[in-house]
Amino acid sequence: MTPAATPNPTLTPAHTHEVPGAVAWSAPVRAGRTVTLTALADGANATMLMIGADRLDRLNIPDTLKSQMSARIKPGMVLMSDRGLALATVTASSLDWHDCLTGALPDQLLLLELTKHGFGEADLHACINFFSKVSVADDPRASLTYVPDHAHAGDTVTLRADQDLLIFLSTAPHALSDEPAAGVAVQIETPAHTDDPELREEATRALRLTRELIA
Amino acid sequence: MTVTSTTATTAASLDTVVEAGDGALVTVPSGGRLRIVDLHGNQAVDTLFYDAHDIDNRYSAFDTIREQRAVFLTTGSRLVSTRLDELAVITDDTCGRHDTVGGACSQESNVIRYGEFTRHQHACRQTFLRYGAKAGIGQRHLAHNVNFFMNVPVTSSGGLTFEDGLSAPGKYVEITASRDLFVLISNCPQVNNPCNGWDPTPIQLLGRW
Ligand SMILES: [Zn+2]
């Protein structure tokens, strides 16, 4: 059977979905595809967990932060796994601060998404709270304050999957927020080109190892 | 090398030295107090806490940070689980502050941070897996830990660094268990950053219950 000719056979159709506020959702993302989240209202929050291709190697926030000398998630960072591989690269964002220090409240819907894929409570590793910011004070305890006016409708973040992933997303409000839950739009697509953004040496090393071993 | 023994008024249920790079799995009953003594100073002690009757109910670093609205741990810090159950409270601390953002070193993260030459150096997560196995704690149950005596400044501009420790010989931290706990400890062997003053040293564990 000869497949019908398509204008650009290397591109898969984009998958788009609007995740309303106060729900949870999950999806597989193939290596090389990008996931773009767009805030549908001011004050949106998208809590994300990520598990790698072998279904054991999870997003490790401490390793991600200490290898890139950052206390926040921002464009030009590689999201690293427990075992030192690249899960995804933050290729672009309209915001330069996504919270990853303050976790999420117990979330039955998020736990159900994990359970659907055979995971459970033991997999509640540290999450990223996309679109949320919790500021750090330069005081003796590094006190934290939620920043209420951080994200606005239309703000975006784009991740490139660097290996096959499962992503888990909750749109419950940030644990420190008084704002109502807001939804996010998700678009998963195969980009025309996949240049690495400018990265630290550690991030480049994680990407290289990942490409050599599994991508 | 002379180590002054810390003798208190009540008999210790546990009094043991953990050598540099070694670890321990300690069962602490509810109400029990566990003191970790930094015998020689500037020694990171990577520590995980589990409900001894349900290891899925385990320490959550970032829920602990959020609940106290501050990054560093010290006296009064409540160490909570992913269910927000209180597992333990820091009830005494002569060091002043402790890290729980920096996680544990592993062979794989050492390669990313420092290069291939570190691939086969000993690392905390090797110790966690070795000592955790007796309690059924495997890779999936390795959460993000506390680094007692470790100094990881986080700044208002969103930066994070590993710095020389604030600890000194004889400084200690004491936790009181809020329920029966497994406490899984790795006395960090890291030699590629200043978290152990470039020279890992022994610690003492003192338990009273
Ligand atoms: Zn270590």
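This report describes the zinc site, helix α1 of chain B and the overall build of chains A and B in a predicted model.

## Zinc site

Three cysteine sulfur atoms of chain B serve as the protein donors of the zinc ion: B:Cys105 (SG), B:Cys124 (SG) and B:Cys188 (SG). Their distances from the ion run from 2.2 to 2.3 Å. Along the chain, the spacing of the donors is C-x18-C-x63-C. The pair B:Cys105 and B:Cys124 ties together parts that are 19 residues apart in sequence, because B:Cys105 lies in the loop between β7 (86-93) and α2 (107-114) of chain B, while B:Cys124 belongs to helix α3 (residues 124-132) of chain B.

Buried means a relative accessible area under 20%. B:Cys105 has a value of 5% and is therefore buried. B:Cys124 is also counted as buried, with a relative accessibility of 0%.

## Chain B: fold and dimensions

Chain B contains 3 helices and 11 strands. Read from the N terminus, its elements follow the order β-β-β-β-β-α-β-β-α-α-β-β-β-β. Chain B is as compact as a globular protein of its length, because its radius of gyration of 16 Å is close to the 17 Å given by the globule rule for 209 residues. The C-alpha trace of chain B spans about 45 × 45 × 35 Å along its principal axes.

Of the 209 residues in chain B, 62% are buried. When contacts in chain B are restricted to residues at least 6 apart in sequence, 76% of them join residues at least 24 apart.

## Chain B: surface and charge

The accessible surface of chain B is about 7300 Å², and carbon and sulfur atoms account for 49% of this area. Chain B has 17 positive and 22 negative charges, and the mean positions of these two sets are 3 Å apart.

## Helix α1 of chain B

Helix α1 (residues 61-68) of chain B is largely enclosed by the rest of the structure, because 7 of its 8 residues are buried. The buried residues in α1(B) are B:Ala61, B:Phe62, B:Asp63, B:Thr64, B:Ile65, B:Arg66 and B:Gln68.

The packing partners of these buried residues come from both chains. In chain A they are α1 (61-68) and β9 (144-146), and in chain B the partner is β6 (78-80). Just after α1(B), B:Arg69 adopts a positive phi of about 55 degrees.

## Chain A: fold and dimensions

Chain A has 3 helices and 12 strands. Its radius of gyration is 17 Å, close to the 17 Å that the globule rule gives for 215 residues, so chain A is as compact as a globular protein of that length. Along its principal axes, the C-alpha trace of chain A covers about 65 × 35 × 35 Å.

Buried residues account for 54% of the 215 residues in chain A. Among contacts in chain A with a separation of 6 or more, 80% are between residues 24 or more positions apart.

## Chain A: surface and charge

About 8800 Å² of chain A is exposed, with 55% of that area supplied by carbon and sulfur atoms. The charged side chains of chain A comprise 16 positive and 27 negative ones, and the centres of the two sets are separated by 7 Å.

How values were computed
Residues numbered from 1 in each chain as written. Chains lettered and ligands numbered in written order. Predicted model: local features only at pLDDT ≥ 70, side-chain atom pairs only at ≥ 80, totals over all residues. Heavy atoms only, no water. Donors = N, O, S within 2.8 Å, 3.2 Å for Na, K, Ca; no water. Helix = DSSP H or I, 4+ residues; strand = E, 2+ residues; numbered from the N terminus. Buried < 20%, exposed > 50% of the residue type's maximum accessible area, 1.4 Å probe, protein only. Rg over C-alpha atoms; globule rule 2.2 N^0.38 Å. Contact = heavy atoms within 4.5 Å. Areas by Shrake-Rupley, 256 points an atom, 1.4 Å probe, with all protein chains shown as cover. Lys, Arg positive; Asp, Glu negative; His and termini not counted. Charge placed at Lys NZ, Arg CZ, Asp CG, Glu CD.
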